[in-house]
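Dear colleague,

Here is the structure I said I would pass on to you. What I found in it follows below, set out by topic for someone coming to it fresh.

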Amino acid sequence: MDNSKYQLETVATQFDWRDVGATDAGDVVSPIHLTTTHEMRAPGEADHGYKYTRFDNPTRDALETRLARLSGADHAIACASGTAAMAATCLSIVEAGDHVVAFDGIYGGTRVLFEELLADSLGATVEYVDATDVNAVDEAVTDETTLVWMESPTNPLLRLCDLSAVADIAASVDATYVVDNTFATPYFQHPLAHGADMVVHSTTKYLNGHSDSMGGVVLTDDKAAANDVAQTQSYDLGGTLAPFDCYLTLRGLRTFPLRMDRHESNAAEIATYLADHPATVQVNYPGLESHPQHELATQQMDGFGGIVSFELDATGAETRAVLEELDVFTLAVSLGGTESLADHPATMSASYLSAQERAAAGISDSLVRLPVGVEHVDDLIGDLKAALAKL
Ligand SMILES: Cc1ncc(COP(=O)(O)O)c(C=O)c1O
C-alpha cells in the first residue's frame, strides 16, 4: 500500500507493517518485537537488517515509518523521550564554541537542556530572543550560528513565530533550523513545508495521546542529518525508544486525527468561555481573534490545537485554590492525553525554573494551563464555572 497518496486519517489508521519486516501472519496491528538481539544467518550476515535493538527494531521501524508518513517527512528517528530527541538533535549539530539562537518562549525543560548540555558542557553560546518579532531573530544570527531552535506555539504561553520567515533567516547563515512541533502536532502544522530542516516532537503528548508512554521523534527530509541523529542517539546516548512504547504509540496514532479534532473543538469553546469570564485578565489561544498572532496562526497552521492558558485576576494562592476546586480536570503536568488536565506552571510544570527565570519567561503566579481533553465540553465548562465561582 502506498500511504503517500492517502489523507492523514487513512495513514493513521491503516498499518502497512509488511514494509518493515514483520511476520507474515496477516496481523492488522503491529506485532511487538521485544527481542533485544536477532539471529544471524551466518557470522556477520544479518540479511533481515536487524542485529541489536538499540540500533534497529521492527516495531520501532513500524512506528518511524508511520510517523514519517504522518508528518510528510522522509525520515523519522524515535527516541526514549522528547528530551532524548532534543538532546540527540542538538548533539548531532552543535560543537564547542558554536552560537545557537533560540526562541525565549521555549518549554522550560528545553532551556535547561540548552543551558546544561550546550552552554555548560559544550561551551556553546545560546542566545534567547523574542521570536514573535522576526527582526529579533534576524539581528541575533551570526556566521557562527549553527542552530536556530524554534517552538510554535510555545509552552505554556502559546506564542508563535513566523515559521517561513525564520527559515529564510536560518538559511542566510547556513544554520540548521529545528522546530519543536509538540503543541501543534503534524495534524495542525507542517514546519518542514515551511522550510524547517528538522522537527522534533515529544510523542509523550498528542502522538501517543493516552498518557501511558514516554517518547520523542526527530523528523527530517535530510538523509545525512537523520543518520547523524540516529548515530548520536543509538551509539552515544543510547536513547532509543523501547519496542513496547513503540507499540503503544502506534496504537495511539490510530485515533490521532479523531482525537485532535475533539481536543481542538473543546479547547476553542473553553477559550471563548474563559475570554468572556470576568475573572480572567488574559486568555492565550491562537484561535481567538484577540490572540496577537491570530492572523499568523491562520496562515501557517491548519488548526489551533488543544491547549489554552490564561491569567486570573487573582493572587497565586487564590489561583491555586481555584485549581483545587476542579473535579473533571485532573491536576497534573504534561499534556496531550485524552483526559483534561489543569496545571499551575509556577508550582508545577515550570517549578524547576527560578522565580526570576519564570518572570523572564512571562510565567506569573496567576497563570493556569489547560491541556483540554476529549470529554464532553459541557462537563469541562461546568467544572471551570464552578471552580471560578469560588473566587
Ligand atoms: C513543547 C515540549 N517539548 C518537549 C518536551 C519534552 O518532552 P518529554 O517530556 O517527552 O521529554 C515537552 C514536555 O513537556 C514539551 O512540552
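The lining of the largest cavity in this predicted model is made up, by class, of ten nonpolar, five polar and five charged residues. The space in that cavity comes to about 160 Å³, and among the 20 residues that line it, Ile 106, Gly 108, Asn 155, Pro 156 and Ile 363 are the closest to its centre. In total, the structure holds five cavities of 30 Å³ or more.

Two of the residues just named, Asn 155 and Pro 156, are also worth a look for their backbone, as they are joined by a cis peptide bond with omega at about 10°. Pro 156 belongs to the loop between strand 4 and helix 6, and Pro 153 has its place in the loop between strand 4 (145-151) and helix 6 (163-172). A cis peptide bond also joins Ser 152 to Pro 153, with omega at about -5°. Leu 158, which lies in the loop between strand 4 and helix 6, has a positive phi of about 60° although it is not a glycine. These features are worth pointing out because most residues other than glycine have a negative phi, and most peptide bonds are trans.

Turning to the pockets, the largest pocket holds about 480 Å³ of space. It is lined by 23 residues, and those that lie nearest its centre are Asp 56, Glu 64, Ala 76, Ile 77 and Ala 230. Helix 2 (58-71), strand 1 (75-79) and helix 8 (223-237) are the elements that give two or more residues to this lining, and helix 8 provides the largest share of it, with eight residues. Sorted by class, the lining of the largest pocket divides into eight nonpolar, seven polar and eight charged residues.

The second largest pocket has about 360 Å³ of space, and of the 22 residues that line it, Thr 83, Tyr 107, Asn 155, Ser 202 and Lys 205 are the closest to its centre. The elements that give two or more residues to the lining of the second largest pocket are helix 3 and strand 6 (198-202). By class, this lining has eight nonpolar, ten polar and four charged residues.

Which pocket does the ligand sit in? The ligand sits in the second largest pocket, and of the 14 residues around the ligand, Gly 82, Thr 83, Asp 180, Ser 202 and Thr 204 come nearest. The shell around the ligand has, by class, three nonpolar, eight polar and three charged residues, and the largest share of this shell, three residues, comes from helix 3 (residues 82-93).

As for individual contacts, a polar backbone atom of Gly 82 is 2.9 Å from an oxygen atom of the ligand, and a polar side-chain atom of Asn 155 likewise lies 2.9 Å from an oxygen atom of the ligand. In the side chain of Asp 180, an N or O atom is 2.7 Å from a nitrogen atom of the ligand. Taken alone, the ligand exposes 390 Å², of which the protein buries 92%.

If you would like one residue to start from, I would suggest Asn 155, which is among the residues closest to the centre of the largest cavity, is joined to Pro 156 by a cis peptide bond, and has a polar side-chain atom 2.9 Å from an oxygen atom of the ligand.

With best wishes

Definitions and conventions:
Residues are numbered from 1 along each chain as its sequence is written. This is a predicted model: local features need pLDDT of at least 70, side-chain atom pairs count only at pLDDT 80 or more; totals for chains, interfaces and linings use all residues. Side-chain values use heavy atoms; hydrogens and water are left out. A residue is near a molecule or strand if one of its heavy atoms lies within 4 Å of it. A polar contact is a pair of N or O atoms within 3.5 Å; within protein, one must be able to donate a hydrogen and the other to accept it, and residues adjacent in sequence count only if both atoms are side-chain atoms. Accessible areas come from the Shrake-Rupley method with a 1.4 Å probe; for residues, only the protein chains shown count as cover. On a 1 Å grid over the protein atoms alone, a cavity is a set of points where a 1.4 Å probe fits but cannot get out, and a pocket is an open set with protein on both sides within 12 Å along at least five of seven lines; lining residues have an atom within 4 Å of a point. A molecule sits in a cavity or pocket if more than half of its atoms lie within 2 Å of its grid points. Helices (H or I, at least four residues) and strands (E, at least two) are DSSP runs, numbered from the N terminus. Ala, Val, Leu, Ile, Met, Phe, Trp, Tyr, Cys and Pro count as nonpolar, Asp, Glu, Lys and Arg as charged, and the others, Gly among them, as polar. Grid points are joined across faces, edges and corners, and a volume is the space filled by probe spheres set on the points.
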